[in-house]
Each structure stands twice: as structure tokens, then as C-alpha cells.
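Thanks for coming. I have one structure to go through today, and I will keep to two topics. Please have a look at it before I start.

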Amino acid sequence: MNVAPLNDDLRSLYQEVILDHAKHPRNARLVEQHTCKAQGNNPMCGDRVTVTAQVSDDGRLQDVGFEGKGCAISIASASMMTEALNGQTVAAARQLFDTVHDLCTGKIDAEAAKAKIPDASDSVDKLASLSGVRQFPVRVKCATLPWHALMSCLDGKGQMTTTEK
Ligand code: ZN
């Protein structure tokens, strides 16, 4: 699929969103009453993130938080992820993971992502700011690291390392 190059206005808007979340990360805390916990590691960049979540019996993410050290992209992505997913169902979280993954690897653009999950178009709008990483394979791992960690958390696997492209 062809994806149009970002114009300069869009690029600087994206950078603003990322810098805001990197400087003031949301939910940057471990959830005390967590039902799952997973640590993600991106050796290419040195990012480390621990994701904790409290999942209710009916499959809803009642609380999601993270602790991490890493580059602006990895922290911003983790922050946006927790903001987007708090209160969502596990099924919605998996769907958003797929969409963010496709955005970051350049498979789809922001409009296609919004069309895919119209219910979450506000979240997708913000998360689309991560799509600027698509030209930089190392940065793709930074952006997707917290999401992979969350999936490991939900799948009951305690640790993961980003090795995929
Ligand atoms: Zn990084």
C-alpha cells in the first residue's frame, strides 16, 4: 500500500504530541492491584518498560500503568497507550495493538487506522503521531515496545524483547 510522505506541518504536530507525552507521561506508575505484569526490553535502543494492568473478571482493563526508562518515543508511546486503553476491553486493546503496529510499520495511514476502529478514532488520532517512525526500523521497535509488553502482560508472559522488524 502506498503511504503519502508526511508534510512538514503534520510532522511538527506529531513531534509536539510525542514530546508532550515524553515530558509528562500519563499513568507512569505501576498498578498496585495488578493482575498481570510484563517487562519489555529493546536492546537496539536501550529502552526498558514494565507494564502492569488490572483486568476485571469481565475482561476490561480497569487500570493500566507503566514504568520505564528509554527514549522519548518509547515513553511517549507507553503514555499514549495507557491513556488510550484505561477502561477498554482486552479485545479492544488487542485491536488497537494491531492498528498501532500497522501504523508504525507503515502498513496503513492515520485515515485507514481510524476507519478500521471508528470507536477509538480519538485515540488513533493521537497514536498516529507515532507513525513518523516508519522510516526508521530501530524507532519502530521503540514505538511498539510498550504495546508488545502489554500483550505479553495480557497473555501471561512476563518478559519480552523486541526482535521483530
Ligand atoms: Zn528507543
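**The zinc site and the cavity**

Let me begin with the metal. In this predicted model, the zinc ion is coordinated by the SG atoms of Cys45, Cys71 and Cys142 and, through OD atoms listed twice, by Asp47. The coordinating distances run from 2.2 to 2.6 Å. Along the sequence, the donor residues follow the spacing C-x1-D-x23-C-x70-C. One pair of these donors links distant parts of the chain: Asp47 sits in strand β2, Cys142 sits in helix α6 (residues 137–154), and the two are 95 residues apart.

Are those two donors buried or exposed? Asp47 has a relative accessible area of 1%, so Asp47 counts as buried, the cut-off being under 20%. Cys142 is buried too, with a relative accessible area of 0%.

Now to the empty space. How many cavities of 30 Å³ or more does the structure hold? There is one, and the volume of the largest cavity is about 30 Å³. Asp47, which I have just named as a zinc donor, is also part of the lining of that cavity. The other lining residues are Arg48, Val49, Phe66, Lys69, Gly70, Ser74, Ile75, Ala78 and Leu145. Three elements each give two or more residues to this lining: β2 (47–55), β3 (61–69) and α2 (72–85). By character, the lining has five nonpolar, two polar and three charged residues.

To recap, Asp47 belongs both to the zinc donors and to the cavity lining. That is what I have for today.

Key: Residues are numbered from 1 along each chain as its sequence is written. This is a predicted model: local features need pLDDT of at least 70, side-chain atom pairs count only at pLDDT 80 or more; totals for chains, interfaces and linings use all residues. Side-chain values use heavy atoms; hydrogens and water are left out. On a 1 Å grid over the protein atoms alone, a cavity is a set of points where a 1.4 Å probe fits but cannot get out, and a pocket is an open set with protein on both sides within 12 Å along at least five of seven lines; lining residues have an atom within 4 Å of a point. Grid points are joined across faces, edges and corners, and a volume is the space filled by probe spheres set on the points. Helices (H or I, at least four residues) and strands (E, at least two) are DSSP runs, numbered from the N terminus. Ala, Val, Leu, Ile, Met, Phe, Trp, Tyr, Cys and Pro count as nonpolar, Asp, Glu, Lys and Arg as charged, and the others, Gly among them, as polar. Donors are N, O and S atoms within 2.8 Å of the metal (3.2 Å for Na, K and Ca); water is not among the atoms, so sites may look incomplete. Buried means under 20% relative accessible area, exposed over 50%, partly exposed in between (1.4 Å probe, protein chains only).
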